[in-house]
Amino acid sequence: MSDSSSKPPATGGPGNWSFTRWSTIGQLEALEVHHPLFQATLFLQGAHLTHFAPMDERNWLWLSELARFQPGRAIRGGIPVCWPWFGDPLRNPPEIRKRIASSSAHGFARTALWRLEDVRESAHEVEVSLSLSANDDFQEHWDGHALALITFSFSIRGCQIALTTTNLSKAPLAFSQALHTYLPTDDIQRTRVLGLGNSQYIDTLKDWDYVSQEGPVYFEGEVDRIYETGEALTVVTPSGKRKLTSVGSDSTVVWNPGPGKAQRLSDFPDSAWQKMLCVETANAASDYRVLNEGQSHTLGVFIGRA
Ligand SMILES: O=P(O)(O)OC[C@H]1O[C@H](O)[C@H](O)[C@@H](O)[C@@H]1O
C-alpha cells in the first residue's frame with residue numbers, strides 16, 4: 001500500500017530532507033514525516049493530514065479503515081480541509097452561494113491537488129506548507145480568485161494547522177470553511193466535549209433551530225451542530241484528553257453520524273460511529289468571512305494534550 005522513496009511526484013518539490021520523505025499511498029502522493037519525536041502523514045491531495053502521533057503513541061486522528069486513496073475522492077478521516085465553503089452550498093448565505101457552481105458539500109479544496117511550498121526541519125519541529133491557487137481552473141466549481149496557504153507544524157507537544165486565505169479578486173470575497181478534525185475514541189457514549197457550555201448552537205437535525213448548550217456535550221445518537229463559539233475545547237475520551245485551541249474562528253462544528261447516518265456515509269464502517277467524533281474549527285453559519293481585494297484571514301487550530 002505504501003511505497004516510500006525520495007523521488008518527488010511531478011507536483012512536488014525536491015526532497016532533500018532528513019525526516020520527511022515522499023510516499024505513494026493507494027493512488028495518492030503523500031509526505032511522511034518520521035522525526036525522532038513524532039510522525040505524520042500528509043497528502044498533497046486536499047492538504048489532508050491523516051496521521052499525527054508523538055513517538056510511541058497511537059494516531060491522534062481517526063482514519064477510516066475503509067478510507068480510499070484515489071484522485072478526486074475525499075479521504076474519510078484525518079483532517080479534511082473544507083474550503084472555500086463549508087457544508088451544503090444551499091445552507092450558505094447568498095454572498096457565498098452565488099459563487100458556487102456545484103452541489104458538493106465542503107468545497108473543492110479537499111479533493112484538489114495542493115502544491116508543496118516548503119518543508120522546514122529542526123531537532124524539535126517539522127513544518128510543512130502547501131498552497132492552492134483557486135483560479136479559473138476551478139471555474140466548474142466556483143467563481144472567484146483566492147489563494148489558500150496551509151502550514152502544518154508538528155512537534156512533540158502536538159500539531160498546529162494554520163490556513164490563510166487571501167482574496168486575489170477585485171470584488172469582495174465571502175467564504176466559509178472548516179478544519180474538519182476526526183478524533184478517535186474508545187467509546188462515543190463515554191466521550192464528552194468541554195468548553196461549549198453557555199453557548200448557542202444551530203441544531204442541523206432539528207430544522208436548524210437555535211438551542212442553548214448547558215454543560216458538556218454528550219453523544220447519544222446522531223449529533224450535527226454548529227456552535228457559535230471558537231473557545232478552547234477539551235475532548236475527553238476513556239483513554240485520554242485532547243485540547244483544541246483555535247484562532248480566527250467563532251464557530252465550531254460537532255458531528256457524529258450515529259448508527260443511521262453511518263450506514264449512508266461513504267468509506268465508513270457501519271459501527272465506526274462508536275469510535276470517532278468530529279470537532280471542526282470553523283468559519284461556518286453566521287461566522288462566514290468576507291475579504292476585500294488583497295486581504296487575508298487565517299483560521300487555525302492547535303491540537304495538544306489537555
Ligand atoms: O460526508 P462528508 O461530505 O465528508 O460530510 C461529513 C459531515 O461533515 C460535517 O460535519 C457536517 O456537519 C455533516 O452534516 C456531514 O455529514
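Seven strands line up as an open sheet in the order 6-12-21-20-17-14-15, with antiparallel pairing; two strands count as paired if DSSP finds at least two bridges between them, and strands (E, at least two residues) and helices (H or I, at least four) are DSSP runs numbered from the N terminus. Strand 6 (81-82) and strand 15 (209-212) sit at the edges with a single partner strand each, so one side of each has no neighbour in the sheet. The model is a predicted one, in which local features need pLDDT of at least 70 and side-chain atom pairs count only at pLDDT 80 or more, while totals for chains, interfaces and linings use all residues. Residues are numbered from 1 along each chain as its sequence is written.

Within the sheet, strands 20 and 21 run antiparallel and are joined by five bridges. One residue of this pairing is valine 253, whose bridge partner in strand 21 is glutamate 280. Both residues turn up again around the ligand, where the shell is made of Ala74, Gly87, Ala105, His106, Asp224, Val253, Trp255, Leu265, Cys278 and Glu280; a residue belongs here if its C-beta atom, placed from the backbone, lies within 6 Å of the ligand. Strand 20 (251-256) and strand 21 (276-283) each supply at least two residues of that shell. By type, the shell splits into six nonpolar, two polar and two charged residues, where Ala, Val, Leu, Ile, Met, Phe, Trp, Tyr, Cys and Pro count as nonpolar, Asp, Glu, Lys and Arg as charged, and the others, Gly among them, as polar.

Glutamate 280 also appears in the UniProt record: the unreviewed entry lists His180 and Glu280 under "active site". UniProt positions follow the numbering used here, feature names are shortened, and annotations may be inferred rather than shown by experiment. The two span 101 residues in sequence, yet no two of their C-alpha atoms are more than 4.4 Å apart, so they gather at one spot. Histidine 180 lies in strand 12 (residues 177-184), and glutamate 280 in strand 21. Histidine 180 is buried, with 23 C-beta neighbours inside 10 Å, and glutamate 280 is buried too, with 27; buried means 20 or more other C-beta atoms within 10 Å of the residue's own, exposed means 12 or fewer, and partly exposed is in between, with C-beta atoms placed from the backbone.

Contacts, taken as C-beta atoms (placed from the backbone) within 7 Å, link the pair as well. Leaving out residues up to four places away in sequence, histidine 180 touches Ile79, Pro80, Cys82, Cys278 and Glu280. On the same footing, glutamate 280 is in contact with Ala178, Leu179, His180, Thr181, Thr252, Val253 and Trp255.

Turning to the nonpolar interior, the largest core has 82 residues, and Ala148, Ile150 and Val279 have the most contacts inside it. A nonpolar core is a set of buried Ala, Val, Leu, Ile, Met, Phe, Trp, Tyr and Cys residues joined through C-beta atoms within 7 Å. Strand 9 (residues 146-155) gives the largest share of this core, six residues. Valine 279 touches Thr181, Leu183, Val193, Leu233, Val235, Leu244, Thr252 and Val254, again not counting residues up to four places away in sequence.

A few backbone oddities finish the picture. The peptide bond from tryptophan 83 to proline 84 is cis, with omega near 0°, and proline 84 lies in the loop between strand 6 and helix 1 (94-97). Aspartate 56, in the loop between strand 5 (48-54) and strand 6, has a positive phi near 70° and is exposed.

Definitions and conventions:
Two residues are in contact if their C-beta atoms, placed from the backbone, lie within 7 Å.
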